[in-house]
Amino acid sequence: MDSKRITTENDLKIAFHIRKEVFVEEQGFQLEIEFDEFDALNASSEHILVYYNEKPVGTGRLRVVDGLGKLERICILEPYRKFGLGKIIIKTLEEIAMEKELSKVKLHGQTQAEGFYKKLGYQASSDVFMEDGGPHLLMIKELMNE
């Protein structure tokens with residue numbers, strides 16, 4: 001189990017395939033809203049892949065929004081969800097945020113994943129709201145720079 005920053009168009013296409021399978025095909029989100037202007041290899045966002053037995057099976061991205069790191073598009077292919085890969089994605093994105101000297105990160109977590117994020121130190125900071133057709137919560141975490 002390992003993760004890496006995406007630096008090539010090919011790896012970015014792999015991440016898009018994972019996102020499409022999870023968010024569009026499995027969860028029913030609209031394809032038109034899954035991909036946006038931040039889905040490129042540039043300074044506005046950092047994308048990562050997570051691997052299981054050298055196979056890319058999960059992804060996530062980080063953007064800086066209003067001075068906070070915003071973790072987005074976090075997903076893992078269904079057969080690989082019980083191996084701790086979500087924690088690796090979050091940890092990797094938090095490390096990138098710390099490299100950018102950000103002291104806080106936030107995310108819009110699906111309500112079904114609230115418990116997962118709480119275990120990783122995130123606190124709910126909003127009431128439930130609808131985003132892209134599904135219920136979400138704003139969750140925030142203070143980062144400790146070691």
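Contact means heavy atoms within 4.5 Å. Helices (H or I, at least four residues) and strands (E, at least two) are DSSP runs, numbered from the N terminus. This is a predicted model, in which local features need pLDDT of at least 70, side-chain atom pairs count only at pLDDT 80 or more, and totals for chains, interfaces and linings use all residues. Residues are numbered from 1 along each chain as its sequence is written, and side-chain values use heavy atoms, with hydrogens and water left out.

Start with the whole chain. It has four helices and eight strands. From the N terminus on, they run β-α-α-β-β-β-α-β-α-β-β-β. The radius of gyration, taken over C-alpha atoms, is 14 Å; the globule rule (2.2 Å times the number of residues to the power 0.38) gives 15 Å for 146 residues, so the chain is as compact as a globular protein of that length. Buried residues (under 20% relative accessible area, 1.4 Å probe, protein chains only) make up 45% of the 146 residues. Among contacts between residues at least 6 apart in sequence, 59% join residues at least 24 apart.

Now turn to helix α1, residues 9-26. Its 18 residues should span 26 Å at 1.5 Å a residue (times one less than the number of residues), and its end C-alpha atoms are 24 Å apart, which agrees. The helix bends by about 30 degrees at Lys-20. That bend is the angle between axes fitted to the seven residues ending there and the seven starting there.

Which residues of α1 are buried? They are Asp-11, Leu-12, Ala-15, Ile-18, Arg-19, Val-22, Phe-23 and Val-24. Their cover includes β1 (2-5), α2 (31-34), β2 (46-52), β3 (55-65), β4 (68-76) and β5 (104-110). After α1 comes Gly-28, with a positive phi near 85 degrees.

Notes:
Buried < 20%, exposed > 50% of the residue type's maximum accessible area, 1.4 Å probe, protein only.
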